[in-house]
Amino acid sequence: LFRTGLWLVKKLKKSRCLEQLCLTDVQAAEDSFLSRLSRMSGLQHFQQVALVSSCQDQYAPYESARIESSPCADKDPIFGSVYQAMVENLLGPLDPKRLLRVDIDFHMPETNLDTMIGRAAHIQFIENQ
């Protein structure tokens, strides 16, 4: 459902941001904005890096929020090698002792459309709840 909605929004809105997030802003994924950005110096300059994720958030993929490669992504014939390279580019220069991954589990007692599609957890992050 989410992927279909994302595809529809990309087609109707011509969103540059969504194209960049999907690595479809250029012909070759390895030349995409995010791929090029991952090759730039960055995380190693921080004293500590905290990556916060929730498996309940279906808008920001769990492994992506944690800068990890997933088995599903590894098998992707189009983007798999690009995903793996981006993970290596981002984390390779970083001392693992300076990296903290935090998993959040939101207590959401009610079931509604937002909780079913993973939007509720995403909003919880944004609203800092």
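Let me start with Ile67, which sits in the loop between H4 and H5, in what I should say straight away is a predicted model. The phi angle of this residue is near 50 degrees, a positive value in a residue that is not glycine. Is Ile67 buried or exposed? With a relative accessibility of 13%, Ile67 counts as buried, because the cut-off for that class is under 20%.

Ile67 also belongs to the largest nonpolar core, a set of six residues whose other members are Val49, Leu51, Val87, Leu91 and Leu94. Strand E1, covering 49–53, and helix H6, covering 80–91, are the elements that give two or more residues to this core. Apart from this core lies another one, of five residues, among them Leu23, Ala29, Phe79 and Met86. As a general remark, nonpolar side chains in soluble globular proteins tend to be buried together.

Staying for a moment with Leu94 of the six-residue core, I would ask which residues it is in contact with once its neighbours within four places in sequence are left aside. For Leu94 these are Leu43, Gln44, Val49 and Leu99, and Val49 is itself a member of the largest core.

Let me turn to the five-residue core, which includes Leu23. Leu23 is placed in the loop between helix H2, residues 16–21, and helix H3, residues 33–38, and its phi is near 60 degrees, again a positive value in a residue other than glycine. The relative accessible area of Leu23 is 4%, so this residue is classed as buried.

Phe79, another residue of that core, brings me to the aromatic rings, where the structure holds one aromatic pair. Phe79 and Tyr83 form this pair, with 5.9 Å from centre to centre and 25 degrees between the planes; the pair counts as stacked because its planes are under 30 degrees apart. As for exposure, Phe79 is buried at a relative accessible area of 16%, whereas Tyr83, at 29%, counts as partly exposed.

Back in the loop that holds Ile67, between H4 (62–65) and H5 (71–75), we also find Ser70. What does the side chain of Ser70 reach? It reaches the backbone nitrogen of Ala73, at 3.0 Å, and Ser70 itself is buried, with a relative accessible area of 11%.

On the cysteines I can be brief. A search of the whole structure finds zero disulfides. Cys55 is exposed, with a relative accessible area of 54%, and Cys72 is likewise exposed, with a value of 64%.

Finally, let me set these local features against the whole chain. The protein chain has eight helices and two strands, and read from the N terminus its elements run α-α-α-β-α-α-α-β-α-α. Of its 129 residues, 24% count as buried, and the accessible surface of the chain comes to about 9100 Å², with 58% of that surface belonging to carbon and sulfur atoms. If we take the contacts with a separation of 6 or more, residues 24 or more positions apart account for 60% of them.

Key:
Residues numbered from 1 in each chain as written. Predicted model: local features only at pLDDT ≥ 70, side-chain atom pairs only at ≥ 80, totals over all residues. Heavy atoms only, no water. Helix = DSSP H or I, 4+ residues; strand = E, 2+ residues; numbered from the N terminus. Buried < 20%, exposed > 50% of the residue type's maximum accessible area, 1.4 Å probe, protein only. Polar contact = N/O pair within 3.5 Å; in protein donor to acceptor, adjacent residues only side chain to side chain. Core = buried A, V, L, I, M, F, W, Y, C linked by side-chain atoms within 4.5 Å. Contact = heavy atoms within 4.5 Å. Areas by Shrake-Rupley, 256 points an atom, 1.4 Å probe, with all protein chains shown as cover. Disulfide = S-S within 2.5 Å. Phe/Tyr/Trp six-rings, centres within 6.5 Å; stacked < 30°, edge-to-face > 60°.
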